[in-house]
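Please load the model in your viewer, colour it by secondary structure, and keep a selection tool at hand. The stops below follow one after another.

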Amino acid sequence: MKDMMSMMYKPTSTQTCPKCRKRSKGNRLRRAIIDRNHHVPEIAGYNMDGSVLYIDKRLPATMAGVDVDSALEVHEEVENALEYRLGFSYPHAHMMAEAAEQCFVEAHGGNWAAYDKEMQAWIKKLENNYDKSEVPEDLINPNEVKGK
Ligand SMILES: [Zn+2]
């Protein structure tokens, strides 16, 4: 039998997936607002109550033709759910979140190797290079949360 998913949705390099958009309207418990107006020491992170996902404003909007905010949102949401709802350790949650991010990138027509190479270069460039006054005050510092 032919795969229903591939019949219903043909991935393209466009930024919005009709399936994701449709799903985002109803099936989530809550969805964080994406804020792109700050520096974020670890590229992306939530505020205290989880209502805002901050993504560093210097990060490009697209990589390998894929919408970066959407891909990072998948990573962060999956990571959060695995770590805080299901009790996985951060390294495991992160690993699975990265796999989900890869699925998202490829489903949207992006080349994972190209996307990841560009993302890693930006992480290297931005990680320890931020203006403290640009960092949101209510950003959760994951290292503090974990007590490490
Ligand atoms: Zn992660």
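Which residues are buried in α4? The model you are looking at is predicted, and in it, if you select α4, you will find that Ala97, Glu101, Phe104 and Val105 are buried. Viewed down the helix axis, the buried residues of α4 fall within an arc of 95°, so they line one face of the helix. Rotate to the other side of α4, where Pro91 and Ala99 are exposed. The partners against which the buried residues of α4 pack are β5, α3 and α5. If you place a distance between the end C-alpha atoms of α4, it should read 25 Å, which agrees with the 26 Å that its 18 residues should span at 1.5 Å a residue. Just after α4 comes Gly109, with a positive phi near 80°.

Next, select the largest nonpolar core, which has 16 residues. Those with the most contacts inside this core are Ile55, Met63, Val66, Val68, Ala71, Val105 and Tyr115. Two or more of its residues come from each of β3 (52-55), α3 (68-85), α4 (90-107) and α5 (112-126). Centre the view on Met63, which, leaving aside residues up to four places away in sequence, touches Val68, Tyr115, Glu118 and Met119.

Now turn to the strands, starting from β3. Strand β1 (residues 33-35) runs parallel to β3 and is joined to it by three bridges, with Asp35 standing opposite Tyr54 of β3. Strand β2 (residues 44-46) also pairs with β3 over three bridges, but in the antiparallel sense, and here Leu53 in β3 is the bridge partner of Tyr46. Follow the hairpin of β2 and β3 through the five residues between the strands, and stop at Gly50, which takes a positive phi near 75°.

Finally, look at two backbone conformations. Most residues other than glycine have a negative phi. Which phi value does Ile43 have? Select Ile43 in the loop between β1 and β2, and you will find a positive phi near 75°; this residue counts as buried because it has 21 C-beta neighbours inside 10 Å, where 20 or more are required. Then move to Ala64, in the loop between β4 (62-63) and β5 (66-67), which has a positive phi of about 50° although it is not a glycine. Ala64 likewise counts as buried, with 21 C-beta neighbours inside 10 Å.

Technical notes. Residues are numbered from 1 along each chain as its sequence is written. This is a predicted model: local features need pLDDT of at least 70, side-chain atom pairs count only at pLDDT 80 or more; totals for chains, interfaces and linings use all residues. A nonpolar core is a set of buried Ala, Val, Leu, Ile, Met, Phe, Trp, Tyr and Cys residues joined through C-beta atoms within 7 Å. A residue is buried if 20 or more other C-beta atoms lie within 10 Å of its own, exposed if 12 or fewer, and partly exposed in between; C-beta atoms are placed from the backbone. Helices (H or I, at least four residues) and strands (E, at least two) are DSSP runs, numbered from the N terminus. Two residues are in contact if their C-beta atoms, placed from the backbone, lie within 7 Å. Two strands pair if DSSP finds at least two bridges between them. The expected span of a helix is 1.5 Å times one less than its number of residues. The arc is that of the directions from the helix axis to the C-beta atoms.
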